[in-house]
Amino acid sequence: GVNEIPSKERRDEINTFREDNPTTPMIFTTRDLAVGGDLGVQKRLEMRPLNEPQMREFVNKYLTQRGLPNQADTLLRQLRDRLQEVAETPLLLKMLCDVFDTETRQIPQSKGKLFRLFDTKYEQFKGLVAVSEDFRRFKPELLQHLAFSMLCGDPAKPTEAWLTLDRTRAEKLLETFLTGRVEAPGQRAKEWLEDLIEHHLLQVAIDPREIEFHHQLFQEYYAAEYLLPLLPTLSDEQLKRDYLNLLKWTEAVVLILTLVDETQALRVVKLALDVDWMLGARLAGKVKSESQPAAVKLVKELDISTWSKIKLLGLSRSKEILVDLIESLKEPCLHEKVVTEALIDNPFTADHLPRIIELLENEADYVRDRISTVLSSLDPDLLIPQILCHLTSSDENLVFATVKTLGGLLHEEAATKLLPLLKHEDHRIRRGIAQSLRFQGARIAIPELIKLLEDSNEFVRLHAAKTLAFLGSNQGESILKDALKDASFFEKIEICDALKQLKILASLEVKTSRERSSKETSIMKELYDPSGERRKMSERLDGKDVTQVQPAILDGIRSSDLYVRWLALSAFYALKSLDAAYLFSSLLKLSVSLPMENGEAVLTAIKEVQVECKFYNYEIWQEAERIIQNAKLESQNREAPERAVVQQNFHGPVYGVAGTVAGNQIISPSTPSPPQPPVNPTE
């Protein structure tokens, strides 16, 4: 679990271990490659979200075990447009089954309420336990206090959270919290921490001297519950600086938005838009359904270009924008790419399905291709009957898109429906079907695919041979080997993969990433540069620090030349993370005035650097650093034998609880803060 490794230093240790043991099989998992890092691993798999049939099967079996047979439809109907969110996090689906009310047959209607209900019922799931009533009364607050302290982390490292906590430190935190509330707080802290580990959502970490939550989601939920009553007491600047701007708080804030009233929810969304447009747009789609029209309106009112506004609305994943997006694709659209992406990133219900299917007839190749991809993730039993009619259409583009959709379903019935079209007069259709049958349920197509090995079109023959290889048949072996001789660089990789499926070319390895990178670089160098613009840009980007290359990066990103833009973005990525963050403001303002292709690349670059830096807005982060430095200087000027006590309102700017918490005083650790970045680029 790479994203759950507590620090970058630990991740470096893991990477070293991997490199020192190259023959040892290892599997690394992470929430997101951007969060955990890829550790240089070349073979990467992405976990596909559950589709509706899989969810239905799981829910039915789980509820049957609970003595509630035939209740899967009752539960799934209540999810409605939340199916996609649940499908992406199967833990939530299990929790919904756990809390499904046996009398009312109801489930919570928000993620925050789901966690609340799960928390109150957890002891029932584990069976009766011998704990005191005092423990039961204090249990939620104990978990909230620990989770909040862990998410705050070390004041000297405000962007880092603690995913594990030293057991002794945990006892001290609980003792401080219980002082003045119970008798013998030290003894109670030890006993109740043990009860939390034994009977609730804490567990012993890999290091037995440390504890952790069962899952990172639970830590974020309890931290959110702690922050919830503080929300009205925080100033706008505190909320932006100490919580919204730090990536580690984002998931907790998402949970809060499902629990607060509309006034507070809209306040959070508005402030988040001040911090970062992409963050604000995402949070707009996380408020309660009845508040989403007002939240989405805040995004629509931004004074930015049309394409970037559509992009942000797509990030909201709000049902409020679905109808507008569908209608906009009915006519030729200047921003069809960004509209399509915004549409498919948003969950739609069965009510919208007929209108989504109609988009397979769109004139734009990109729209048809992406819509067919998203349709392929739906329930085959629901989708197949509704799109079969398209296979006999006179519109070959529509037939091709339908073929791709059916193939993406990975369903034996889809394979059966595609077989008659292997004799279609359009070679694109035949080739498309051959490509679409690369799944084990399509083995019934092997005899027909063998016939395609003698097709008049060489690409049909090649794709039929590849598919036969993936289905375990060696009938196309000679065609694949012959194709290797004259294949392009990337085609050779694909053919080798097909041959490896047959275990024929065990000794033939696909080009390593280094060889591939070298090849791509040589191709880039051969690009035509009649005006010398690319050479000049390369020279301008050969600067030593951010102040020297900033003008060149901004000019390069504006360029209509794809390669010049690539050079500028490469230079941006090559900067140290804080130097890159320094350019956030300029890049963001620039992105919304650029053509879509340029601007999307900029937004992607900004997001990646934000993940690296672990904050959204450089200026706000810099202000927070200034406060930490000032507090440190004040504490150094006070007379103290070992540690200086920094007086601070606990409801104010809280970056972490790294030492002992006594009342509203935070005893800061002796760990030095990171160096202050320059206030302006001339320093």
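Among contacts in the chain between residues at least 6 apart in sequence, those joining residues at least 24 apart account for 66%. The model is predicted. Its chain has 683 residues, of which 49% are buried. The secondary structure consists of 37 helices and six strands. The chain exposes about 34,300 Å², and 50% of that area is supplied by carbon and sulfur atoms.

Two helix pairs can be followed in detail. Two packed helices are described by the angle between their axes and the distance between the axes.

The pair to begin with is helix α6, residues 90-99, and helix α7, residues 111-126. Their axes come within 9 Å and cross at roughly 60°. Because of that angle, α6 is oblique to α7. The crossing in which α6 passes α7 is left-handed. On the α6 side, the contact is made by Leu92, Met95, Leu96, Asp98 and Val99. These meet Lys111, Leu114, Phe115, Leu117, Phe118, Lys121 and Phe125 of α7. Sorted by class, the contact of α6 with α7 holds nine nonpolar residues and three charged ones, with no polar residues.

The loop between α6 and α7 contains Arg105. This arginine is not a glycine, yet Arg105 has a positive phi of about 55°. Is Arg105 buried, partly exposed or exposed? Its relative accessible area is 25%, so Arg105 is partly exposed, as buried means under 20% and exposed means over 50%.

A second arginine with a positive phi lies further along the chain, in a loop between two other helices. Arg317 is found between α17 (306-316) and α18 (322-328). Phi of Arg317 is near 50°, a positive value in a residue other than glycine. With a relative accessible area of 30%, Arg317 is partly exposed.

The other helix pair is α32, residues 546-558, and α33, residues 562-574. The axes of α32 and α33 come within 7 Å, and they cross at roughly 145°. This crossing is left-handed. Which residues of α32 meet α33? They are Ile553, Gly556 and Ile557. Their partners in α33 are Val564, Arg565, Ala568, Leu569, Ala571 and Phe572. The residues of the contact of α32 with α33 divide into seven nonpolar, one polar and one charged. Gly556 is the polar residue, because Gly is counted in that class, and Arg565 is the charged residue, because Arg is counted as charged.

Terms used:
Residues numbered from 1 in each chain as written. Predicted model: local features only at pLDDT ≥ 70, side-chain atom pairs only at ≥ 80, totals over all residues. Heavy atoms only, no water. Axes fitted to C-alpha atoms, helices over the stretch in contact; angles between N-to-C directions. Helix = DSSP H or I, 4+ residues; strand = E, 2+ residues; numbered from the N terminus. Parallel < 35°, antiparallel > 145°, perpendicular 65-115°, else oblique. Left-handed = near helix turned anticlockwise from the far one by under 90°. Contact = heavy atoms within 4.5 Å. Buried < 20%, exposed > 50% of the residue type's maximum accessible area, 1.4 Å probe, protein only. Areas by Shrake-Rupley, 256 points an atom, 1.4 Å probe, with all protein chains shown as cover.
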